[in-house]
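Visitor: I am new to this structure and would like a close, patient look at a single part of it. Please begin with the aromatic rings, and then follow the surroundings from there.

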Amino acid sequence: MLYIIGLGLGDERDITLRGLDAVKKCDKVYIEAYTSLLSFGLSTDGLSTLEKLYGRPITVADRETVEEKADHFLSEARDSDVAFLVVGDPFGATTHSDLVVRAKNLGVQVKVVFNASVMNAIGICGLQLYRYGETVSIPFFTETWRPDSFYEKIQRNRSLGLHTLCLLDIRVKEPSFESLCRGRKQYEPPRFMRINTAIEQLLEVGQLHGEPAYNEDTDCVGFARLGSEDQMIVAGTMRQLQKVDFGAPLHCLVIVGKTHPVEEEMLDFYKLTDDIPQQNDNGTA
C-alpha cells in the first residue's frame with residue numbers, strides 16, 4: 001500500500017491523526033522535498049524532529065527521485081506499506097497526481113490523507129476562495145530565459161474580476177545549465193523566490209504590453225511562512241509590497257481582483273503599517 005500523506009504548512013505537529021496513524025504503521029517513509037518545505041526546512045535537525053514524532057526513519061525524495069526513480073519505492077509498496085509525505089496537501093502539485101497514476105498502473109493500492117495547503121490557507125486574508133481564478137507560477141528569470149506565460153492567465157483573471165494566486169519559484173537540488181551541457185550534473189544552491197523579486201518580474205512583463213493588466217498601483221497581498229507561528233501577511237500596492245522585508249521563505253503573492261465590502265474590511269486588517277519592516281535600497285532589512 002502507498003500512503004500519500006499531507007503534512008500541512010507549519011511544522012511536524014500539523015499532520016492529522018489519520019496521517020500519523022498511517023505513518024507509524026509504514027515500513028518505509030519518504031518525504032518529498034522540492035515542491036514545498038516545512039517551516040524548519042530539511043536540515044538534519046529538521047528531519048530528526050519529524051522522525052522523533054513519527055517514530056520512523058525518513059528518506060528525503062528530491063525531484064530526481066520522484067520523477068525519474070519512483071518505480072523503486074512504488075515496487076516497495078507492492079509488498080509493504082510505504083508512506084510518501086507531502087508538505088501541504090497531496091494534490092497541491094501535479095507531480096503527485098502523476099505518482100498516483102503510476103502506482104495504479106503498477107497495481108499498487110493508494111490511500112490519500114488530506115491536509116491544509118496554500119490553496120486554501122490564503123483565505124485568511126479575507127479574499128473569498130471562490131473568487132479566485134487560475135493559479136499561476138512565477139519562475140526565476142535568467143539572462144536568457146524570461147518566460148511570461150503567466151501574464152495571459154493573470155490578464156484573464158483580472159478581466160473577470162477574479163483574484164490570482166501567484167506561487168513563487170522554489171529551486172532545490174536543481175542541476176545547473178552548464179553542468180547539463182557537460183553531461184555531468186552539478187547542483188545549484190537552494191533558492192526561494194521572494195515577493196520583492198516576483199513583483200519586479202511581474203512589472204517587467206507587464207511593461208511589455210501596451211495596456212498592462214496590472215501596474216505598480218495594483219492591490220496585492222503578500223504572504224510569508226503561511227501556516228507557521230511567525231507567518232506574515234501584508235496588503236498593499238505592488239509598489240508598497242516591493243519595499244517590505246518579508247523575511248525567510250516560503251513566500252506567495254495574491255493579485256487582488258474585484259472586491260466585495262466584506263473582503264475590503266478583512267484586507268484593512270493587513271494593510272501596510274509603520275511597524276512592518278522595510279527593505280533598504282540594496283534589498284536588505
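Guide: The structure holds 4 aromatic pairs, where rings of Phe, Tyr and Trp (its six-membered ring) pair if their centres lie within 6.5 Å, and planes under 30 degrees apart count as stacked, over 60 as edge-to-face and the rest as tilted. The model is a predicted one, in which local features need pLDDT of at least 70 and side-chain atom pairs count only at pLDDT 80 or more, while totals for chains, interfaces and linings use all residues. Residues are numbered from 1 along each chain as its sequence is written, and side-chain values use heavy atoms, with hydrogens and water left out.

One of these pairs joins Phe-73 and Phe-84, whose ring centres are 5.6 Å apart and whose planes stand at 15 degrees, so the pair is stacked. Because Phe-73 lies in helix H4 (residues 70-79) and Phe-84 in strand E4, the pair ties together parts that are 11 residues apart in sequence; helices (H or I, at least four residues) and strands (E, at least two) are DSSP runs, numbered from the N terminus. Phe-73 counts as buried at 1% relative accessibility, and Phe-84 is buried too, with a relative accessible area of 0%, where buried means under 20% relative accessible area, exposed over 50% and partly exposed in between (1.4 Å probe, protein chains only). Together with Tyr-30, the residues Phe-73 and Phe-84 form one aromatic cluster.

From Phe-84 we can move on to the sheet that holds strand E4. It is an open sheet of 5 strands in the order E3-E2-E4-E1-E5, with parallel pairing, and two strands pair if DSSP finds at least two bridges between them. Strand E3 (59-61) and strand E5 (110-113) stand at the edges with a single partner strand each, so one side of each is left without a neighbour in the sheet. Neighbouring strands here are turned by 25 degrees against each other on average, direction ignored, with axes being lines fitted to C-alpha atoms, for helices over the stretch in contact, and angles running from 0 to 180 degrees between N-to-C directions.

Within this sheet, strand E2 (residues 28-32) and strand E4 (residues 82-86) pair in the parallel sense over 4 bridges, and Ile-31 has Leu-85 of E4 as its bridge partner. Helix H1 (residues 17-24) lies across strand E1 (2-6), E2, E4 and E5, and runs at about 140 degrees to E1.

For another aromatic ring, we can look further along the chain. The charged end of Arg-191 sits over the ring of Phe-140, 3.9 Å from its centre, a description used if NZ of Lys or CZ of Arg is within 6 Å of the ring centre and within 35 degrees of the ring normal.

A last stop with aromatic residues is the place where helix H7 (residues 149-159) and helix H9 (residues 195-206) pack at an angle of about 85 degrees, with their axes 10 Å apart. H7 and H9 are therefore roughly perpendicular to each other, since angles under 35 degrees count as roughly parallel, over 145 as roughly antiparallel, 65 to 115 as roughly perpendicular and the rest as oblique. Phe-150, Tyr-151 and Ile-154 of H7 make this contact with Leu-202, Val-205 and Gly-206 of H9, contact meaning heavy atoms within 4.5 Å.
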